[in-house]
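Please take a moment with the sequence and the model before reading on. The paragraphs below move from one pair of charged side chains to others, and then to a helix and what packs against it.

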Amino acid sequence: MTDAARPTGAPVTAPAEPRISYVVARLERAVRAAINERVRPHGLTTLQYTTLSVLERRGEPLSNAQLARRAYMTPQAMSEVIAALEEKGLIKRTAHPNHRRLFPAKLTAKGRRVLAACDAAIEEMEQEMVSELTPAERDCLRESLKSCVRALGAGFPRA
């Protein structure tokens with residue numbers, strides 16, 4: 001409504017602030033797109049990059065089910081990701097010594113190199129994303145987001 005069309009004496013209202021959940025959802029979509037754009041030149045998708053990151057962070061071979069839980073994917077989707085990563089030579093699966101149906105995955109040397117290159121590109125994207133924040137604001141943002149995740153029971157237990 002323009003000022004001319006507003007009834008005399010009607011209050012001028014500021015646009016409502018978006019819900020926090022909406023802002024977080026927009027950020028998640030933007031981050032996912034930015035990650036996908038940066039890992040694509042290395043032959044990866046966002047889900048493949050996430051899987052390599054989980055393997056690196058855990059530092060031990062993980063089963064399909066373990067990877068699926070940690071990457072927030074279904075076991076079926078993870079099976080496809082694992083097959084693609086294995087085909088590219090980025091991970092290797094070997095039979096578990098005590099469970100004949102488990103084939104935990106671990107990073108190969110090539111997988112570590114590709115992951116390091118992707119990590120550098122993602123670090124650059126994150127720096128761009130928080131470039132207008134002070135170091136203290138960045139720390140506060142990180143801790144606040146972790147607190148929100150904890151409150152919804154989705155991880156980041158208190159240390």
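In this predicted model, a convenient place to begin is Arg93, which counts as partly exposed at a relative accessibility of 31%. The side chain of Arg93 meets that of Glu86 in a salt bridge, with 4.0 Å from N to O. Glu86 is likewise partly exposed, its relative accessible area being 33%.

The pair just described is one of five salt bridges counted in the model. Another joins Lys146 to Glu143, whose closest N and O atoms are 3.4 Å apart. These two residues belong to helix 6, which covers residues 135-151, and because they are three residues apart there, about one helical turn separates Lys146 from Glu143. In general, an α-helix has 3.6 residues a turn, so residues three or four places apart point the same way. Lys146 has a relative accessible area of 23% and is therefore partly exposed, since buried would require a value under 20%, while Glu143, at 41% relative accessibility, is also counted as partly exposed.

A salt bridge with a spacing of four residues is found in helix 1, where Arg32 and Glu28 lie about one turn of the helix from each other. The closest N and O atoms of Arg32 and Glu28 are 2.9 Å apart. Arg32 is partly exposed at 40% relative accessibility, and Glu28 is partly exposed as well, with a relative accessible area of 38%.

Helix 1 itself runs over residues 20-39, and its 20 residues reach 28 Å from the first C-alpha to the last, which is close to the 28 Å expected at 1.5 Å a residue. Which residues of helix 1 are buried? They are Ala34, Ile35, Arg38 and Val39. Seen down the axis of helix 1, these buried residues fall within an arc of 115 degrees, so they line one face of the helix. What covers the buried residues of helix 1 includes helix 2, residues 46-58, and helix 5, residues 109-129.

One residue of helix 2 lets the reader follow this packing at the level of individual side chains, namely Thr46. Is Thr46 buried or exposed? With a relative accessible area of 9%, Thr46 is buried, because that value is under the 20% cut-off. When its neighbours within four places in sequence are left aside, Thr46 is in contact with Arg32, Ile35, Asn36 and Val39. Among these partners, Ile35 and Val39 are buried residues of helix 1, whereas Arg32 is partly exposed and forms the salt bridge with Glu28.

Terms used. Residues are numbered from 1 along each chain as its sequence is written. This is a predicted model: local features need pLDDT of at least 70, side-chain atom pairs count only at pLDDT 80 or more; totals for chains, interfaces and linings use all residues. Side-chain values use heavy atoms; hydrogens and water are left out. The expected span of a helix is 1.5 Å times one less than its number of residues. Buried means under 20% relative accessible area, exposed over 50%, partly exposed in between (1.4 Å probe, protein chains only). The arc is that of the directions from the helix axis to the C-beta atoms. Contact means heavy atoms within 4.5 Å.
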